[in-house]
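Work through the following exercises with the sequence and the coordinates open. Each task is followed by a solution in steps.

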Amino acid sequence: MLGPGKVDLLERIQQFGSIAAAGRSMSMSYKRAWSLVEEMNRAFKTPLVDSSRGGAKGGGASLTEAGEEVLVNYRKLEEIMAEAGAARISSIRAMLRDIPEGK
């Protein structure tokens with residue numbers, strides 16, 4: 001129901017105010033971005049994203065209060081896991097081959 005990609009999408013919807021723009025910034029089609037938003041909205045007790053259709057005034061999207069709370073909590077969990085797992089992450093990194101930057 002929620003993972004790094006969906007959380008990145010939520011963050012970008014918050015940033016751009018648009019599902020289409022958020023999807024484009026992730027090299028994702030509007031259809032895929034909208035599908036992920038629908039999945040998240042159905043999975044939670046209250047929707048995470050509120051959207052309005054385009055038209056003369058244009059459409060838009062924003063995170064609901066629940067969406068903002070989920071985003072903050074997920075990012076905090078990432079911080080906690082990175083701190084708690086730092087030694088294990090270092091151990092795994094040490095086992096990797098050297099990879100050129102940007103790969």
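**Exercise 1.** Which residues does K6 touch, not counting residues up to four places away in sequence?

Solution. Begin with the conventions: this is a predicted model, in which local features need pLDDT of at least 70, side-chain atom pairs count only at pLDDT 80 or more, and totals for chains, interfaces and linings use all residues. Residues are numbered from 1 along each chain as its sequence is written, and side-chain values use heavy atoms, with hydrogens and water left out.

Step 1. Locate K6 in helix α1, residues 4–16; helices (H or I, at least four residues) and strands (E, at least two) are DSSP runs, numbered from the N terminus.
Step 2. Apply the contact criterion, heavy atoms within 4.5 Å. With the sequence neighbours set aside, K6 touches M1, L36, E39 and M40.
Step 3. Look for a polar contact, that is, a pair of N or O atoms within 3.5 Å; within protein, one must be able to donate a hydrogen and the other to accept it, and residues adjacent in sequence count only if both atoms are side-chain atoms. The side chains of K6 and E39 form one at 2.8 Å.

**Exercise 2.** Decide whether K6 counts as buried or exposed.

Solution. Step 1. Take the classes: buried means under 20% relative accessible area, exposed over 50%, and partly exposed in between (1.4 Å probe, protein chains only).
Step 2. The relative accessibility of K6 is 14%, so K6 counts as buried.
Step 3. For the wider setting, buried residues make up 26% of the 103 residues in the protein.

**Exercise 3.** Find the partners of R75 outside its neighbours within four places in sequence.

Solution. Step 1. Place R75 in helix α4, which covers residues 65–84.
Step 2. List the contacts: R75 meets V7, D8 and E11.
Step 3. Check for side-chain polar contacts; R75 and E11 are joined by one of 2.9 Å.

**Exercise 4.** What is notable about the phi of S27?

Solution. Step 1. S27 sits in the loop between α2 (19–25) and α3 (30–43).
Step 2. Its phi is positive, about 55°, although S27 is not a glycine. Most residues other than glycine have a negative phi.
Step 3. S27 has a relative accessible area of 75%, so it is classed as exposed.

**Exercise 5.** How far apart are the C-alpha atoms of R53 and L36, and of A84 and L63?

Solution. Step 1. R53 belongs to the loop between β1 (49–52) and β2 (60–63), and with a relative accessible area of 78% it is exposed. The C-alpha atoms of R53 and L36 are separated by 17 Å, with their positions 17 residues apart along the chain.
Step 2. A84 lies in helix α4 and counts as exposed at 68% relative accessibility. For A84 and L63, 21 residues apart along the chain, the C-alpha separation is 29 Å.

**Exercise 6.** Describe the overall form of the protein.

Solution. Step 1. There are 5 helices and 2 strands, in the order α-α-α-β-β-α-α from the N terminus on.
Step 2. The radius of gyration is 17 Å, well over the 13 Å that the globule rule gives for 103 residues, so the protein is more spread out than a compact globule. This radius is taken over C-alpha atoms, and the rule is 2.2 Å times the number of residues to the power 0.38.
Step 3. Along its principal axes the C-alpha trace spans about 55 × 30 × 20 Å.
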